[in-house]
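Trainee: I am new to reading protein structures. Could you walk me through one?

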Amino acid sequence: MKEIKIFCFGFGQAAKNFIKKIDSENLKINLTATSREKSEKKSFGNLDYESFQFSENSFDQKLIE
């Protein structure tokens, strides 16, 4: 199975629809996204991903790594 790495600034409707489309193509998805909420591991459908806090005033320093 082919693996694809995706980084999304924000995980809104457009990003979610994009991930749904890719997920239907039998690819292994390694997803990282930003959010204004606190950094944490999240899931979308059957996909687990890392979400990092990012706003106009601050961001999670782990995002740089």
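Mentor: Happily; we will go from the sheet to a few single residues, keeping in mind that this is a predicted model.

Trainee: Let's begin with the sheet. In what order do the strands lie?

Mentor: The general idea comes first: strands of a sheet pair through backbone hydrogen bonds, either parallel or antiparallel. Here, four strands form an open sheet with the order 1-2-4-3, and the pairing is mixed. Strand 1 (3-8) and strand 3 (40-44) are the edge strands, each pairing on one side only. From one strand to the next, the twist averages 25 degrees.

Trainee: How many bridges join strand 3 and strand 4?

Mentor: Five bridges, and the two strands pair in the antiparallel sense. To see the pairing on the model, find glutamate 40, which stands opposite serine 51 in strand 4. Now look at helix 1 (residues 13-23), which packs on the sheet and touches strand 1, strand 2 (28-35), strand 3 and strand 4. The direction of helix 1 makes about 175 degrees with that of strand 1.

Trainee: Next, single residues. Is threonine 34 buried or exposed?

Mentor: To decide, look at the relative accessible area: under 20% we say buried, and over 50% exposed. Threonine 34 has 5%, so it counts as buried. This residue lies in strand 2, and its contacts beyond the neighbours within four places in sequence include Phe7, Phe9, Phe52 and Leu63. A polar atom of the threonine 34 side chain also lies 2.7 Å from the backbone nitrogen of glycine 10.

Trainee: And what about asparagine 30, where is that found?

Mentor: Asparagine 30 is in strand 2 too. With a relative accessible area of 33%, asparagine 30 is partly exposed, because that value falls between the two cut-offs. Setting aside residues up to four places away in sequence, asparagine 30 touches Glu3, Ile4, Lys5 and Ile6.

Trainee: One more: which side chain of opposite charge is nearest to aspartate 60?

Mentor: That is lysine 62, 5.7 Å away. A salt bridge needs the charged atoms within 4 Å, and aspartate 60 has none, although it is buried. You will find aspartate 60 in the segment after strand 4 (47-53).

Trainee: Which side chain does aspartate 60 join in a polar contact?

Mentor: The side chain of serine 39, with a polar contact of 2.5 Å. Not counting residues up to four places away in sequence, aspartate 60 touches Ser39, Phe52 and Gln53.

Note on methods
Residues numbered from 1 in each chain as written. Predicted model: local features only at pLDDT ≥ 70, side-chain atom pairs only at ≥ 80, totals over all residues. Heavy atoms only, no water. Buried < 20%, exposed > 50% of the residue type's maximum accessible area, 1.4 Å probe, protein only. Lys, Arg positive; Asp, Glu negative; His and termini not counted. Polar contact = N/O pair within 3.5 Å; in protein donor to acceptor, adjacent residues only side chain to side chain. Contact = heavy atoms within 4.5 Å. Pairing = 2+ DSSP bridges. Axes fitted to C-alpha atoms, helices over the stretch in contact; angles between N-to-C directions.
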